[in-house]
Amino acid sequence: MKIIYLSAALAATSGLSIHAEEQANQHTAIESLNPALSVVVDGLYQYDDSSEGISHIKEEMPGFGHGHEEEEHAHGIENGFNLREVELYVTGEIDGYLYAESTFAFSEEEAEVETAFFQTTALPWGFSIKGGKFFSDFGIVNTQHPHQWSFSDQPLIYELALGDHGLNEIGAQVGWVADAPFHFSIGAEAFQGDNEAMFAYEGDDPLPRHSGPRLGVGWLKAGPTLPHGSTLQFGVFGATGYHQEIHEEIVGTNNHLDGTSYFVGGDMQYTHLAHGDQGQGDFDLQAEYFLRNKDLNLEASDDPGAPLGERLDSSQDGYYVQARYGFLPRWRAGLRWEQVGLTNDFQEPGEASESFGDSWRATAMLDFSPSPSTVVRFQAGNGEYTTETGTENVWEGFVQVVFTLGTHRHSEEHACTH
């Protein structure tokens with residue numbers, strides 16, 4: 001009789017155990033279907049002492065101008081209070097093989113799908129595949145959302161060469177990380193090609209049509225293994241693609257240009273984590289160099305005397321160097337120096353080649369993080385800008401507040417190419 005009771009008890013216990021395991025599996029499955037949600041708010045107060053506004057000055061810098069499509073994005077920060085962006089993140093593991101991320105960006109002027117992509121997490125031999133709309137992984141700054149920048153604004157060369165959004169396109173990426181005692185990774189990307197500044201595409205008569213993908217990007221990163229919480233990485237990158245522009249020479253007269261553009265460059269990043277109290281002692285140093293070129297032909301013009309077939313050739317470059325240091329718990333200070341237009345050559349169709357001067361800017365910032373979800377930043381900078389009417393010296397100041405609501409995970413945590 002005791003044996004019968006014991007058997008019944010074991011059976012009941014086993015049944016409870018199986019039931020509990022089923023519940024745990026169901027809970028895990030439900031969790032996998034519930035993505036992490038977060039909202040990032042990026043607001044700032046900005047002031048500059050230029051006569052017409054710093055955004056206008058940047059548009060007037062010779063050599064860096066570009067043709068626009070008929071519908072332009074509303075960009076630029078004005079003096080006073082600005083709500084730069086509110087980003088809604090939806091991220092999560094699809095299954096044991098894929099990670100997905102979508103970012104919806106809202107400003108006072110527009111709303112857009114900033115990113116929407118998947119990325120593999122379990123391919124063998126160090127390979128990964130990404131597809132959808134995402135920031136190209138070349139360099140350092142281009143991989144970051146605006147609220148992730150180390151300073152309140154991005155380096156001049158990025159803004160002037162690639163626009164406010166950077167290289168953020170629809171396409172696919174293949175990456176590979178070597179299984180080695182040092183870091184070595186390479187990647188290749190194919191995009192539709194519709195950047196507002198370097199790889200613009202009209203595709204309507206009288207300009208020729210080009211099927212996508214119209215843009216290719218490649219990069220390589222390598223670095224030694226360093227002790228004591230330090231990392232050092234060097235990178236090279238390049239891209240080439242179709243580019244089209246429409247220039248309004250006078251009211252009602254447009255020149256239509258078609259051709260190719262490319263950029264090449266390199267980057268360096270050193271990081272030391274001191275493992276101090278809330279970031280105290282942490283240090284990072286980074287630098288990037290960027291050279292772009294546009295080679296276009298005048299395909300059509302509303303002016304019957306226009307030199308059809310003549311070339312527009314334009315080359316500009318720039319670099320920045322920046323460093324940040326955690327001098328107290330939750331407090332960091334940073335410095336940035338940058339120049340653009342060391343190479344600044346421009347030739348319009350039927351015209352002689354011209355060379356323009358360079359511009360520079362020096363910036364200092366101080367930020368405080370009362371919690372991991374909040375950053376308060378104070379920034380001041382002085383720059384001398386070469387414009388079409390001469391040079392102008394401008395002082396700029398920012399007070400920025402960035403805070404996050406919810407659990408915010410970045411795709412970098414899942415990338416096997418960085």
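Helices (H or I, at least four residues) and strands (E, at least two) are taken as DSSP runs and numbered from the N terminus. The structure is a predicted model, in which local features need pLDDT of at least 70 and side-chain atom pairs count only at pLDDT 80 or more, while totals for chains, interfaces and linings use all residues. Residues are numbered from 1 along each chain as its sequence is written, and side-chain values use heavy atoms, with hydrogens and water left out.

The loop between strand 7 (183-191) and strand 8 (215-223) contains Pro-206, and Pro-213 is found in the loop between strand 7 and strand 8 as well. Each of these prolines follows a cis peptide bond: Asp-205 is joined to Pro-206 with omega of about 10 degrees, and Gly-212 is joined to Pro-213 with omega of about 0 degrees. The loop between strand 8 and strand 9 (230-250) holds His-228. The phi of His-228 is positive, near 60 degrees, in a residue other than glycine.

Strand pairing was assigned where DSSP finds at least two bridges between two strands. Strand 1 (36-48) has two antiparallel partners among the pairs described here. With strand 2 (residues 80-93), strand 1 runs antiparallel and is joined by 11 bridges; in this pair Gly-43 stands opposite Leu-83. With strand 17 (residues 390-406), strand 1 also pairs in the antiparallel sense over 11 bridges, and the bridge partner of Val-41 in strand 17 is Phe-403.

A further series of pairs runs from strand 3 to strand 6. Strand 3 (residues 98-106) and strand 4 (residues 111-120) are antiparallel and share 9 bridges, with Ala-100 bridged to Phe-118 of strand 4. The connection from strand 3 to strand 4 is a hairpin of 4 residues. Strand 4 is joined in turn to strand 5 (residues 127-135) by 4 bridges, again antiparallel, and Gln-119 stands opposite Lys-130 in strand 5. This second hairpin has 6 residues between strand 4 and strand 5, and Trp-125 in the turn has a positive phi of about 60 degrees. Strand 5 and strand 6 (residues 168-177) run antiparallel and are linked by 9 bridges; Gly-131 has Ala-172 as its bridge partner in strand 6.

The whole structure was searched for salt bridges (a side-chain nitrogen of Lys or Arg within 4 Å of a carboxyl oxygen of Asp or Glu), and 15 were found. One of them joins the side chains of Lys-58 and Glu-159, at 3.0 Å from N to O. Lys-58 lies in helix 2 (residues 54-59) and Glu-159 in helix 3 (residues 156-162), so this pair ties together parts that are 101 residues apart in sequence.

Surface patches were built from residues with over 30% relative accessible area and no salt bridge, like charges being joined within 9 Å and nonpolar side chains (Val, Leu, Ile, Met, Phe, Trp, Tyr) within 5 Å. Accessible areas come from the Shrake-Rupley method with a 1.4 Å probe, and for residues only the protein chains shown count as cover. A nonpolar patch is formed by Tyr-45, Tyr-47, Phe-81, Tyr-325, Phe-327, Leu-328, Leu-366, Phe-378 and Val-399, which together have about 880 Å² of accessible area. Strand 1 and strand 12 (311-328) each supply at least two residues of this patch, and the largest share, 3 residues, comes from strand 12. Leu-366 belongs to strand 15 (residues 359-371).

Cavities were identified on a 1 Å grid over the protein atoms alone, as sets of points where a 1.4 Å probe fits but cannot get out; lining residues have an atom within 4 Å of a point. Grid points are joined across faces, edges and corners, and a volume is the space filled by probe spheres set on the points. The search of the whole structure gives 3 cavities of 30 Å³ or more. The largest cavity holds about 50 Å³ of space. Its lining consists of Val-141, Gln-144, Trp-149, Ser-150, Phe-151, Asp-153, Gln-154, Pro-155, Gln-286, Gln-322 and Arg-336. With Ala, Val, Leu, Ile, Met, Phe, Trp, Tyr, Cys and Pro counted as nonpolar, Asp, Glu, Lys and Arg as charged, and the others, Gly among them, as polar, the lining of the largest cavity divides into 4 nonpolar, 5 polar and 2 charged residues.

Note on methods
1 Å grid on protein atoms, 1.4 Å probe; cavity = no way out; pocket = protein on both sides within 12 Å on 5 of 7 lines; lining within 4 Å.
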